[in-house]
Amino acid sequence: MAVTVGASRLGLGVLRRLPAEARPLVRPGTVPAGVVHLGLGAFHRAHQAVYTEAAIGAAGGDWGIVAVAPRSTTLVEALAAQDNLFSVSALSAAGSATRVVGALSGVRHAPSDPDAVVALLADPAVRVVTLTVTEKAYQLDPVTGLLCPDSALAADLAGGGPPATVPGLLLRGLAARAATDAGPVALVSCDNLPANGRRLRGLVDQAVGRATGVPAGLADWVAANVTCPGTMVDRIVPASTPETIEAARRALGVTDLAAVAAEPYAQWVIEDDFPGGRPGWEHAGAVLTGDAGPWERLKLRTLNGVHSAVAYLGALAGRETIADALEIPHMTDVLRRLIAEDVAHSFTPPDGVRVVDYGEQVLARFGNPAIRHRTLQVATDGSQKLPQRVLHTIADLRAAGRSARWGALVVAAWLRFALGYADDGRPLPLQDPLAGPIRAALDAGAQTPAGAVDAVFALREIVPAEVAADDEVRVEVTAWLTALTRHGVEATLAGAR
């Protein structure tokens, strides 16, 4: 990405030149690291880093973040050149507000120096490890929660070489921590997984149980010293583009190659289980609770599930962004029915929260024209996202004896998307860790919509057994898929009853 000619780079040397309201709350280098974060992506920079900087500014503490990139070096190099500073622009129809964040104490690239990351994880000063690595990096079956290691993770579990996976890094870091009695630590998943704390705990326990060459007694040490608090995280953060960089340059007067943009809204709900202490996130507006489950289900089903619905239907109809897709005639009517008739009856929300009201807020956020969240970006990794976002909703509704008509539409839209072409014939990419099995299933059953449904419903790593065995759900999904295939999205939504 080219830097504007003549523009200075963001860094400590230019802070005094920034508008007062854009300067960081924390100056990098002045706060020792107490947090390691795995996953140096846009969401972490616009969410946990912002909350943590605000917490340090309000309550103090040695809680600087060392952020670890599991793959690309691009952001590591950009941030290292900028003294670990980056900006976040909050975008709305009324305008934007840009501020530099100083929560990062350092950055690392895991593939280049995995041993340095292991040493960080074993550092007694580090008492919190947070993760935003997306669903697929956990290598857990989304239905059963069982560890399904690929060859790289299998090698990590066997030991002998430097860790190459996120579970491998955690395993090796905890083993090193136990060997030096470095003190307790909280591992905090900030990914959109159902019961993300319990899932992460299951990953750690399974990895420890299956690993060879780890210290004797590691499982007992982990049980006594490691917690995995559940969380719910929420902020819409599109992928950064050259326009994101240019907008930040105009706002700051300097170039920031790690700039991110996001909606103004943010929420973080955290189970308060931190044996080594934590930042004062409550001073930054986070909700500390004993059970994040109701908040998690509220967000996964009402926001993420609806997000997936808009993404698949919008992409099929040729709409580039989520906001564009909401403009399809009858789209918001169908989404309101999905929320009111399916989602709202599938779980018990947090005290004082009405699912329908929350859903209206979600639709308003999706309609923010300044957030150009691409439908194809949201549509990736459907096999990992759909179980917790939609299929669990369907399972709970059917267990309660209710119809899951609108949830079935979302499943059908995903299947129609996976067939690989939009309503106008343009190709659609299937970016999914299970793309091969999905394509094979669709090829086997592509002669009819019913055949496609039967073939994909046989993929137990995606579709829960109780949903796959439900004839009423199959009929509903098949009917929607037939309509989408024959008539396209716009006509299907217009005829939805």
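# Notebook: cores, helices and domains

I began at F457 in this predicted model, and, leaving aside neighbours within four places in sequence, I found F457 in contact with V411, V463, V467, A468, V473, R474 and V477. I then asked which residues have the most contacts inside the largest nonpolar core. They are L335, I438, F457 and V477, in a core of 81 residues, and this core draws at least three residues from each of domain 1 (12-290) and domain 2 (293-495). I also noted a second, separate core of 40 residues, which includes L38, L131, L203 and W221. As a general point, nonpolar side chains in soluble globular proteins tend to be buried together.

**Domains.** I looked up the domain assignment of the protein, which gives domain 1 (12-290) and domain 2 (293-495). How far apart do the C-alpha centres of domain 1 and domain 2 lie? I read 29 Å between them, and the contact takes 28 residues from domain 1 and 32 residues from domain 2.

I set the UniProt record beside this assignment. The annotation "domain: Mannitol dehydrogenase N-terminal", from an unreviewed entry in UniProt, covers residues 34-282; that span is 36% helix and 22% strand, and its end C-alpha atoms lie 17 Å apart. The feature "domain: Mannitol dehydrogenase C-terminal", again from an unreviewed UniProt entry, is placed at residues 293-481, where I find 66% helix and 0% strand, with the end C-alpha atoms 32 Å apart.

**Helix α17.** Since I438 was among the residues with the most contacts inside the largest core, I went on to helix α17 (residues 435-445), in which A435, I438, A441, L442 and G445 are buried. Why do the buried residues of α17 line one face of the helix? Seen down the axis of α17, they fall within an arc of 135 degrees, and so they share that face. The general background is that an α-helix has 3.6 residues a turn, so residues three or four places apart point the same way. On the face of α17 turned away from the buried side I found the exposed residues D443 and A444. The cover over the buried residues of α17 includes α15 (382-399), α16 (405-418) and α18 (449-457).

**Helix α20.** Is V475 buried or exposed? V475 sits in helix α20 (residues 471-494), and I record V475 as exposed because its relative accessibility is 57%, which is above the 50% cut-off. I also checked V475 against E341: the two are 134 residues apart in sequence, and their C-alpha atoms are 18 Å apart in space.

**Helix α9.** I then turned to T244, which lies in helix α9 (residues 242-252). T244 counts as buried because its relative accessible area is 13%, under the 20% cut-off. Not counting residues up to four places away in sequence, T244 touches A239, A259, V260 and A261.

**Aromatic pairs.** My count of aromatic pairs comes to five. I looked in particular at F274 and W281, which form an edge-to-face pair, with 5.6 Å centre to centre and 65 degrees between the planes. Both partners came out as buried: F274 has a relative accessible area of 12%, and W281 has one of 0%. What else belongs to the aromatic cluster of F274 and W281? I found Y51 and W268 there, so that Y51, W268, F274 and W281 form one aromatic cluster.

**Positive phi.** Lastly, I looked up two residues other than glycine with a positive phi, N84 and D181. Phi of N84 is near 70 degrees, and N84 is placed in the loop between α3 (74-81) and β3 (86-92). Phi of D181 is near 50 degrees, and D181 lies in the loop between α6 (166-179) and β7 (185-189). The accessibilities set these two apart: N84 counts as buried at 14% relative accessibility, whereas D181 is exposed, with a relative accessible area of 58%.

Conventions
Residues are numbered from 1 along each chain as its sequence is written. This is a predicted model: local features need pLDDT of at least 70, side-chain atom pairs count only at pLDDT 80 or more; totals for chains, interfaces and linings use all residues. Side-chain values use heavy atoms; hydrogens and water are left out. A nonpolar core is a set of buried Ala, Val, Leu, Ile, Met, Phe, Trp, Tyr and Cys residues joined through side-chain atoms within 4.5 Å. Buried means under 20% relative accessible area, exposed over 50%, partly exposed in between (1.4 Å probe, protein chains only). Domain bounds come from an automatic or database domain assignment. Contact means heavy atoms within 4.5 Å. UniProt positions are given in the numbering used here, feature names are shortened, and annotations may be inferred rather than shown by experiment. Helices (H or I, at least four residues) and strands (E, at least two) are DSSP runs, numbered from the N terminus. The arc is that of the directions from the helix axis to the C-beta atoms. Rings of Phe, Tyr and Trp (its six-membered ring) pair if their centres lie within 6.5 Å; planes under 30 degrees apart count as stacked, over 60 as edge-to-face and the rest as tilted.
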